[in-house]
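Reader: I should like to learn how the features of a protein model are read. May we take them one at a time, with the general idea before the particular case?

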Amino acid sequence: MPQALLCMSHSPLLDHADPPEDVVQAVQDAFEHARTFTREFDPDIVVNFGPDHFNGFFYDLMPPFCIGYKAHRSGDYDSYAGELDVPEATAEDLAQFVMDRGIDVAISRRMEVDHGAVQPMEILHDGNVAARPVLPIFVNSVARPFAPMERVRRFGAAVGEYFRDRDERVLFIGSGGLSHDPPVPQYPTATEAQREFLTAGRHPTAEARAARQANTMATARRFAAGEADIMDLNPEWDREFLAVCASGRVTDFDRYTADGMDAVAGHSSHEVRTWVAAYSALRACGDYRVTYEFYRPIKEYIAGFAVTTAHLR
């Protein structure tokens, strides 16, 4: 089985929050299952569908999709800040393949990725992000306008088609979600200073980054205490989404709309677009089965938190 999948929520609060011990243990057990799955599959290359949180992509130029030919980590939340091991020739070939199938995709020879894309690889490889070659693929999951979910599915399927008949053992990763509504400014209601940050806020000062991160941590504490003015988690929506993932009927993702997701699952639920792309990539390689599923709504992480793995049948 040359293709497999691992999708998981991420949270910058993993090392900056204090959930109940049983919750922490359950999450760590899920991570250990993911590590075992990855070790046993032993991928030659990781195809990482990841979001961004206004660390590498901004409104001065916000593509719906972008394939990184070279990439480095932004280092937010004290995480890995080095270069990724990107097979440049494969990335170039993939981009042309996707375009030849009618899906427009941006490319970057200097992609900057944040915790949303890299945290899964840190977890899977005990902090060694360079343990495997990785193709970083940005899927816009935070900034309107959003591509229709049908387009995300078709994009993921095109990526999967590229790897379907190749010899490499390929692990598709999707990172983010599920329901959550962290304190990310929305452009229509943002202040002028916030709009400037959302448009061109690259490489903030250490003080500015620390203040932004402190605000997220403080919101998480208030949210866990029932005091934060953000949307609640939606376990029912999360479980319905996981059921679609498990069904193999990836066209069912098409019914999700941006407005509907905002209304019931929070402004950052759009990170499940990375899952849609990853599951669609695997489905393009053949029928699959989900081999593991973990889910908990965890307020301390401001996330409906899930981990899933899948193999081809």
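Author: The dialogue below goes through helices, the nonpolar core, aromatic rings and the backbone in turn. The model is predicted.

Reader: Let us begin with a helix. What span should the 14 residues of helix 9 have?

Author: The general idea is that an α-helix has 3.6 residues a turn, so residues three or four places apart point the same way. In this structure, helix 9 covers residues 272–285, and at 1.5 Å a residue its 14 residues should span 20 Å. The C-alpha atoms at its ends are 20 Å apart, which agrees.

Reader: Is helix 9 mostly covered or exposed? And what follows the helix?

Author: Helix 9 is mostly covered, since 13 of its 14 residues are buried. After the helix comes G286, with a positive phi near 150 degrees.

Reader: Which residue of helix 9 may serve as an example?

Author: T274 lies in this helix. Its relative accessibility is 0%, and because buried means under 20%, T274 counts as buried. A polar atom of the T274 side chain lies 2.9 Å from the backbone oxygen of E271.

Reader: With which residues is T274 in contact, leaving aside its neighbours within four places in sequence?

Author: T274 is in contact with F49, G50, P51, V139, S141, G174, S175 and G176.

Reader: How many residues has the largest nonpolar core, and which of them have the most contacts inside it?

Author: In soluble globular proteins, nonpolar side chains tend to be buried together. Here the largest nonpolar core has 105 residues, and those with the most contacts inside it are F49, F155, V159, F172 and F253. Helix 9 gives the most to this core, with nine residues.

Reader: I turn to the aromatic rings. How many aromatic pairs does a search of the whole structure find?

Author: The search finds 18 aromatic pairs. F54 and F58 form a tilted pair, with 6.1 Å from centre to centre and 55 degrees between the planes. F54 counts as buried at 3% relative accessibility, and F58 is buried with a relative accessible area of 0%. An edge-to-face pair is formed by F241 and W275, with 6.0 Å from centre to centre and 65 degrees between the planes.

Reader: Which parts of the chain does the pair of F241 and W275 link?

Author: This pair links distant parts of the chain: F241 is in helix 7 (residues 235–247) and W275 is in helix 9, 34 residues apart. At 0% relative accessibility, F241 counts as buried. W275 likewise counts as buried, at 0% relative accessibility.

Reader: Which residues form one aromatic cluster?

Author: The cluster is formed by F54, F58, Y59, Y187 and F197.

Reader: Where does the charged end of R169 sit?

Author: The charged end of R169 sits over the ring of F41, 4.4 Å from its centre. In another case, R101 lies over the face of F97, at 3.5 Å from the ring centre.

Reader: My next topic is the backbone. Which sign of phi do most residues other than glycine have?

Author: Most residues other than glycine have a negative phi, and most peptide bonds are trans. In this structure F54, which is not a glycine, has a positive phi of about 55 degrees. F54 is placed in the loop between strand 2 (45–50) and strand 3 (65–68). H203 also has a positive phi, near 50 degrees, and is placed in the loop between helix 5 and helix 6 (206–224).

Reader: Is H203 buried or exposed?

Author: H203 is exposed, with a relative accessible area of 57%.

Reader: Where does a cis peptide bond join two residues?

Author: A cis peptide bond joins R144 and P145, with omega about 5 degrees. P145 lies in the loop between strand 7 (134–139) and helix 4 (149–164). The bond from G177 to L178 is also cis, with omega near 5 degrees, and L178 is found in the loop between strand 8 (170–175) and helix 5 (192–200).

Reader: Finally, why is helix 3 described as largely enclosed?

Author: Ten of the ten residues of helix 3 (residues 115–124) are buried, so the rest of the structure largely encloses this helix. At its start, a side-chain oxygen of D114 reaches to within 2.9 Å of the backbone nitrogen of G116. Just after helix 3, D126 takes a positive phi of about 50 degrees.

Notes
Residues are numbered from 1 along each chain as its sequence is written. This is a predicted model: local features need pLDDT of at least 70, side-chain atom pairs count only at pLDDT 80 or more; totals for chains, interfaces and linings use all residues. Side-chain values use heavy atoms; hydrogens and water are left out. Helices (H or I, at least four residues) and strands (E, at least two) are DSSP runs, numbered from the N terminus. The expected span of a helix is 1.5 Å times one less than its number of residues. Buried means under 20% relative accessible area, exposed over 50%, partly exposed in between (1.4 Å probe, protein chains only). A polar contact is a pair of N or O atoms within 3.5 Å; within protein, one must be able to donate a hydrogen and the other to accept it, and residues adjacent in sequence count only if both atoms are side-chain atoms. Contact means heavy atoms within 4.5 Å. A nonpolar core is a set of buried Ala, Val, Leu, Ile, Met, Phe, Trp, Tyr and Cys residues joined through side-chain atoms within 4.5 Å. Rings of Phe, Tyr and Trp (its six-membered ring) pair if their centres lie within 6.5 Å; planes under 30 degrees apart count as stacked, over 60 as edge-to-face and the rest as tilted. A charge sits over a ring if NZ of Lys or CZ of Arg is within 6 Å of the ring centre and within 35 degrees of the ring normal.
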